[in-house]
Amino acid sequence: MWLPVTLAVIMGLRLLFPVEFLFASNTLLSFDVFPHIDNVIYADIPVINNVVPSIKITVVNVFCAVWVVGAAVFVVKYINEYRKFCRAIRHIDSTNDPLILDALNNIKTEYNFKFDVKIIINRVIPSPAEFGFFRQVIFLNDYKYTAEELNCILSHELTHFYNKSNWIRLFTDMVKSILWWNPIIYMLQKHVDDLLEIYVDAFATKDKSHEFKIGYLECIEKVLKISKSKGRVIPQMNFVHSMAATPKSKSKKEDIIMKRCNVIRYGLKNNIPICILILLIFILYIFVSSRYVIQPAYIPPPEEDILTPDFTEENSYIVKEGDIYVLYYNGEPYYADYNLNYFPDIPIIN
């Protein structure tokens with residue numbers, strides 16, 4: 001799991017922050033592949049340009065437009081679903097069940113959680129779930145859980161709030177909205193969700209007794225069975241996450257459940273060699289991607305085929321912009337250099 005997550009994070013960061021250090025970068029000129037790609041993406045689209053001759057539309061313009069529209073659709077859809085869900089639960093009262101409230105208060109006291117939480121019980125909810133960025137809400141189905149099971153469930157959900165899991169998911173959702181065309185981002189989001197569940201299980205069961213850990217495992221198994229029997233009734237929104245959420249693939253589902261069980265039984269242990277390897281891959285990728293920049297290059301035509309305009313005082317002038325002199329020809333920038341003394345007859349405008 002760690003390798004695809006690492007690569008996805010690195011590539012996502014480089015796509016979001018394409019910073020190049022020109023003083024330390026080596027430009028690799030491509031004379032074969034990139035110029036052909038350049039010719040394709042910057043080619044005019046005759047169908048559009050014939051209809052609107054005054055506007056020059058290229059392939060890259062269309063790609064950028066589709067990218068922006070797709071990102072806007074993802075963001076608007078996310079905000080709309082979030083608002084709809086908030087309106088749907090706004091007027092639902094919190095539970096007054098003393099067993100649930102006692103378990104909630106005991107956990108908040110034990111872990112020193114200072115935030116307020118609203119607990120909603122509904123028969124259509126298939127599995128305990130958490131929701132909220134500023135106002136925390138826990139959803140429970142109408143199953144009659146024991147005090148020990150409620151302690152495990154609420155410990156899990158409250159830990160999500162304490163560790164800001166929803167904010168981490170919000171970040172991955174925003175990255176997905178921007179890079180919606182990249183399939184790696186969807187893989188990254190799923191791995192982040194799984195890692196958050198594993199981390200919460202480790203936090204909630206840390207320094208707990210063996211009996212508590214056994215009860216926690218049995219509680220997860222019971223929640224999974226109940227959620228399977230009820231099906232998925234909660235609206236499938238990115239900001240609502242079920243305690244029983246698992247991949248659809250049977251093999252992946254068993255793998256995640258096994259990882260959660262191992263973390264609960266043995267605790268979350270840092271794999272030092274893997275951490276070092278991930279760090280080395282990250283540094284190497286950032287170094288290589290920043291050090292070497294590939295750019296398209298074209299073979300210039302023979303010198304005798306290059307037509308140089310006749311620069312005169314009537315059609316040309318030079319403007320000093322900082323340390324650079326820019327030669328304008330017919331009102332358009334034509335050439336720039338640190339020294340244009342070879343055009344002595346052209347006036348310089350400061």
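1. Let's start with F115. This residue counts as buried, at 18% relative accessibility, because buried means under 20% relative accessible area. Please keep in mind as you read that this is a predicted model. F115 has a ring partner in F113: the two form a stacked aromatic pair, 5.4 Å centre to centre, with 25 degrees between the planes. F113 is buried as well, with a relative accessible area of 4%. If you enjoy spotting ring pairs, there is plenty to look for, since the count comes to 21 aromatic pairs.

2. Now look at what sits against that pair. Y162 touches F113, F115 and F203, leaving out residues up to four places away in sequence. You will find Y162 in helix α6. Is Y162 buried or partly exposed? At 41% relative accessibility, Y162 counts as partly exposed, because that value falls between the 20% limit for buried and the 50% limit for exposed. Y162 also gives a nice example of folding back along the chain: Y162 and Y111 are 51 residues apart along the chain, yet their C-alpha atoms are separated by 9.6 Å.

3. The next stop is the largest nonpolar core. It has 30 residues, and I119, I138, L154 and L158 touch the most other members. Two or more residues of this core come from each of α5 (98–111), β2 (117–121), β4 (136–140), α6, α9 (210–230) and α10 (250–266). Which element gives the largest share of this core? That is α9, with eight residues.

4. L158 deserves a closer look. With neighbours within four places in sequence set aside, L158 is in contact with L104, I107, K108, F113, F115, V117 and I138. Notice that both members of our stacked pair, F113 and F115, appear among these contacts. A second, separate core has nine residues, including I120, I125, A129 and F139.

5. F139 turns up again in another group. Ring pairs link Y82, F85, F131, F133, F134, F139 and W167 into a cluster. Two members of that cluster, F133 and W167, will come back in the next point, where they line a cavity.

6. How many cavities of 30 Å³ or more does the structure hold? It holds one, and about 50 Å³ of space lies in the largest cavity. The residues lining it are G132, F133, Q136, H160, F161, K164, S165, N166 and W167. Two elements each give two or more residues to this lining, α6 (147–162) and α7 (165–178). Of the elements, α7 gives the most, with three residues. By class, the lining has three nonpolar, five polar and one charged residues.

7. One of those lining residues, K164, has a backbone detail worth finding. K164 lies in the loop between α6 and α7. Its phi is near 60 degrees, a positive value in a residue other than glycine. K164 is partly exposed, with a relative accessible area of 47%. N112 makes a good companion to study: it has a positive phi of about 60 degrees although it is not a glycine. N112 lies in the loop between α5 and β2, and at 49% relative accessibility it counts as partly exposed.

8. Where does E197 lie? You can find E197 in helix α8 (residues 183–204). This glutamate is buried, with a relative accessible area of 6%. Once its neighbours within four places in sequence are left aside, E197 is in contact with H156, H160, R169, S242, M243 and R260. The pairing with R260 spans a stretch of chain: E197 and R260 are 63 residues apart in sequence and 7.7 Å apart in space, C-alpha to C-alpha. H160, another contact of E197, also helps to line the largest cavity.

9. Finally, step back to the whole protein. The secondary structure comes to eleven helices and ten strands. Of the 350 residues, 37% count as buried. Among contacts between residues at least 6 apart in sequence, 66% join residues at least 24 apart. The E197 and R260 contact is one you can use as an example, with the two positions 63 residues apart in sequence terms.

How values were computed
Residues are numbered from 1 along each chain as its sequence is written. This is a predicted model: local features need pLDDT of at least 70, side-chain atom pairs count only at pLDDT 80 or more; totals for chains, interfaces and linings use all residues. Side-chain values use heavy atoms; hydrogens and water are left out. On a 1 Å grid over the protein atoms alone, a cavity is a set of points where a 1.4 Å probe fits but cannot get out, and a pocket is an open set with protein on both sides within 12 Å along at least five of seven lines; lining residues have an atom within 4 Å of a point. Grid points are joined across faces, edges and corners, and a volume is the space filled by probe spheres set on the points. Helices (H or I, at least four residues) and strands (E, at least two) are DSSP runs, numbered from the N terminus. Ala, Val, Leu, Ile, Met, Phe, Trp, Tyr, Cys and Pro count as nonpolar, Asp, Glu, Lys and Arg as charged, and the others, Gly among them, as polar. A nonpolar core is a set of buried Ala, Val, Leu, Ile, Met, Phe, Trp, Tyr and Cys residues joined through side-chain atoms within 4.5 Å. Buried means under 20% relative accessible area, exposed over 50%, partly exposed in between (1.4 Å probe, protein chains only). Contact means heavy atoms within 4.5 Å. Rings of Phe, Tyr and Trp (its six-membered ring) pair if their centres lie within 6.5 Å; planes under 30 degrees apart count as stacked, over 60 as edge-to-face and the rest as tilted.
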